[in-house]
Amino acid sequence: MPPFRSHRHTLMDNAPSNPEKWLLLGSILLLALLAGWHLLSDRGLIHYLALQRQLAAVQQENDALQAENRSLSKEINQLRNDTDYFIDRARKEYGLIKKNEIIFDFSKH
């Protein structure tokens, strides 16, 4: 009859016994830690993707501001160089009238 053996096993009973297996496990653990650090650090992939989204938003805002700037530049040019446009704007926005001109307001109040 074989000698009595306990059925209790410890964690170390299933652990790799040769150095190659320990090296493999250590390498896998190290790679997992490096991958986690690469994803989550302030220089990692997640931070990079957030910066890319911010950059896209800033570029979109910049494009809108450039379009508004072009529109305002065009209007400034018209106000400086087109007398009829200047007079029309002054009459509409400030209610200015010409000498000896009478304005009749037929709008309902």
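Where is Asp82 found in the chain? In this predicted model, Asp82 sits in the loop between α2 (45–81) and α3. That loop makes a handy starting point for a tour, which moves from the overall fold to helix α3 and then to the segment that follows.

The chain has three helices and zero strands. Read from the N terminus, its elements run α-α-α. Confidence comes to a mean pLDDT of 84 for the chain, with 83% of the residues reaching 70 or more. Confidence is lowest in helix α1 (residues 19–40), where the mean is 85, and highest in α2, where the mean is 95. A word of care applies to any predicted model: where pLDDT is low, the predicted coordinates should not be read in detail. Of the 109 residues in the chain, 3% count as buried. The accessible surface amounts to about 11,000 Å², and 61% of that area belongs to carbon and sulfur atoms.

Helix α3 spans residues 83–94, a run of 12 residues. From its first C-alpha to its last, α3 reaches 16 Å, close to the 16 Å expected at 1.5 Å a residue. Both ends of this helix have something to show. At the N-terminal end, Asp82 acts as a cap, its side chain reaching the backbone nitrogen of Asp84 at 3.3 Å. With a relative accessibility of 32%, Asp82 counts as partly exposed. At the other end, α3 is followed by Gly95, which has a positive phi near 65°.

Salt bridges come next. A search of the whole structure finds four of them, and several involve residues of α3, including Asp88, Arg89 and Arg91. The side chains of Asp88 and Lys92 form one such bridge, with N and O 3.3 Å apart. These two residues are four places apart in helix α3, a separation of about one helical turn. Why does such a spacing suit a contact between side chains? An α-helix has 3.6 residues a turn, so residues three or four places apart point the same way. The two partners differ in their exposure class: Asp88 is partly exposed, at a relative accessible area of 34%, whereas Lys92 is exposed, at 64%.

Arg89 and Glu93 form another salt bridge, with N and O 2.3 Å apart. Here too the residues both lie in helix α3, four residues apart, or about one turn of the helix. Arg89, at 22% relative accessibility, counts as partly exposed, and Glu93 is likewise partly exposed, at 44%.

A further bridge joins Glu101 to Arg91, whose closest N and O atoms are 2.9 Å apart. This pair links distant parts of the chain, with Arg91 in helix α3 and Glu101 in the segment after α3, 10 residues apart. Glu101 has a relative accessibility of 25% and counts as partly exposed; Arg91, at 30%, is also partly exposed. Some bridges share partners, and in this way Glu75, Arg89 and Glu93 are joined into one network.

The segment after α3 holds another point of interest, Asn100. Which sign does the phi of Asn100 have? The phi of Asn100 is positive, at about 65°, although this residue is not a glycine. Asn100 counts as exposed, with a relative accessibility of 78%.

The tour closes with the aromatic rings, among which the count comes to one pair. The partners are Phe104 and Phe106, whose ring centres lie 6.2 Å apart. Their planes meet at 20°, and planes under 30 degrees apart count as stacked, so the pair is stacked. Are these two residues buried or exposed? Phe104 is exposed, its relative accessible area being 61%, and Phe106 counts as exposed as well, at 73% relative accessibility.

Terms used. Residues are numbered from 1 along each chain as its sequence is written. This is a predicted model: local features need pLDDT of at least 70, side-chain atom pairs count only at pLDDT 80 or more; totals for chains, interfaces and linings use all residues. Side-chain values use heavy atoms; hydrogens and water are left out. The expected span of a helix is 1.5 Å times one less than its number of residues. A polar contact is a pair of N or O atoms within 3.5 Å; within protein, one must be able to donate a hydrogen and the other to accept it, and residues adjacent in sequence count only if both atoms are side-chain atoms. Rings of Phe, Tyr and Trp (its six-membered ring) pair if their centres lie within 6.5 Å; planes under 30 degrees apart count as stacked, over 60 as edge-to-face and the rest as tilted. Buried means under 20% relative accessible area, exposed over 50%, partly exposed in between (1.4 Å probe, protein chains only). pLDDT is the predictor's confidence in each residue, from 0 to 100. A salt bridge is a side-chain nitrogen of Lys or Arg within 4 Å of a carboxyl oxygen of Asp or Glu. Accessible areas come from the Shrake-Rupley method with a 1.4 Å probe; for residues, only the protein chains shown count as cover.
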